[in-house]
Amino acid sequence: MKSLISWTIRYIPRKYLQLFSHIFLRIAAVFYRGNRVRCPICSRSFRKFLPYGRVGRENALCPNCLGLERHRLMWLFLQQKTDFFTKQLKVLHVAPELCFLKRFEALKNLDYITGDLESPLAKIKMDIHQIPFPDNTFDVVFCNHVLEHVKSDIDACKEINRVLKPGGWGILQSPVYDLDKTLEDTSITDPVERERVFGQRDHVRKYGKDYAERLSTSGLNVREIPFVREIDPHLIHQHALPETEMIYFCSKG
Ligand SMILES: [Zn+2]
């Protein structure tokens, strides 16, 4: 199971994976019946979560909603630290994650717009380097696991800053490694070489601890919030949360 999942993840882009994987996962959910872990996104309990990722990370993927550790953490952050679920908000969700999509669409308080260059899940086809909306349009922008793929992450952040309303905010998660400085080399274009240097075949940079500071050079204010440290250890375990993940919270600069 672990090696099958890790092969699939490696060679099939997540956006396509999301379209077909739910059938397989429905079957898996039967085998993972139990009460040891609970997904805060879909409120379902299991014996454990499915393995996921390149190395077959244990206890990661919710068989019901496809949420991963980072998604569960973001969901809790939105619930506990923002007014996302109650306030009237205009939201742009770039590269929308399947585990959030239907749930956010169902929220009556949101004017919810999804956009992406390729993802069939998104309603609007858009390039993040040129977001097709006027200045000061959105109260909230989500853009997770996108910036490590795009040509210019700084230009993308300038665009997010531009379309955010004054007082607007967003979340910009990306894989961040234990490096002092972000590794970027535009001369590396071969997928095999990109995988070796940046960690994945379609990544164009590998973020380090300067992530928030780097993105802030765009004019957008980006800060890291160690939200997981505020959560009760019992719940970290029960929800299988990523214990070292920061929330990268941004606001219009
Ligand atoms: Zn779930």
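Two strands are taken as paired if DSSP finds at least two bridges between them. By this criterion the predicted model contains an open sheet of seven strands, with mixed pairing and the order 7-6-5-8-9-13-12. Strand 7 (124-125) and strand 12 (221-225) form the edges. Each has a single partner strand, so one side of each lacks a neighbour in the sheet.

Strand 9 takes part in two pairings of opposite sense. With strand 13 (residues 247-251), strand 9 pairs in the antiparallel sense over three bridges. Gly170 has Cys250 of strand 13 as its bridge partner. Trp169 stands opposite Ser251, also in strand 13. With strand 8 (residues 138-143), strand 9 (residues 164-171) runs parallel, and four bridges join the two. Here Phe142 faces Ile171 of strand 9. The connection from strand 8 to strand 9 passes through helix 5 (residues 153-163). This β-α-β crossover is right-handed.

Ser152 lies in the loop between strand 8 and helix 5. Its relative accessibility is 17%, which is under the 20% limit, so Ser152 counts as buried. Beyond residues up to four places away in sequence, Ser152 touches His129 and Arg205.

The largest nonpolar core comprises 48 residues. Phe84, Phe104, Phe142 and Ile171 touch the most other members. Helix 3 supplies the largest share of this core, six residues. A second, separate core holds 29 residues, including Leu92, Leu164, Tyr211 and Tyr248. In soluble globular proteins, nonpolar side chains tend to be buried together.

Phe104 belongs to helix 4 (residues 98-105), where Cys99, Phe100, Leu101 and Phe104 are buried. The buried residues of helix 4 pack against helix 3, strand 5 (89-94), strand 6 (110-116) and strand 8. Neighbours within four places in sequence aside, Phe104 contacts Trp75, Leu78, Phe84, His93, Leu110, Tyr112 and Phe142. Two of these partners, Phe84 and Phe142, are listed with Phe104 among the core residues that touch the most other members.

Helix 6 spans residues 191-198. Its residues Arg194, Glu195, Val197 and Phe198 are buried. Gly199 follows just after helix 6 and takes a positive phi of about 100°.

The model also contains a zinc site. The zinc ion is coordinated at 2.3 Å by the SG atoms of Cys39, Cys42, Cys62 and Cys65. The four donor atoms subtend angles of 104 to 118° around the ion, and the arrangement is therefore tetrahedral. For reference, the ideal angle for four tetrahedral donors is 109.5 degrees. Along the chain, the donors of the zinc ion follow the spacing C-x2-C-x19-C-x2-C. Distant parts of the chain are linked in this way by Cys39 and Cys62, which are 23 residues apart. Cys39 sits in the loop between strand 1 (33-38) and strand 2 (45-46). Cys62 sits in the loop between strand 4 (57-61) and helix 3 (69-81). Both Cys39 and Cys62 are buried. Helix 3 thus borders the loop that holds Cys62, and helix 3 also provides six residues of the largest nonpolar core.

Methods:
Residues numbered from 1 in each chain as written. Predicted model: local features only at pLDDT ≥ 70, side-chain atom pairs only at ≥ 80, totals over all residues. Heavy atoms only, no water. Donors = N, O, S within 2.8 Å, 3.2 Å for Na, K, Ca; no water. Tetrahedral: all angles 85-135°; square planar, octahedral: opposite > 155°, others 65-115°. Buried < 20%, exposed > 50% of the residue type's maximum accessible area, 1.4 Å probe, protein only. Core = buried A, V, L, I, M, F, W, Y, C linked by side-chain atoms within 4.5 Å. Contact = heavy atoms within 4.5 Å. Right-handed = clockwise from strand over helix to strand, strands pointing away.
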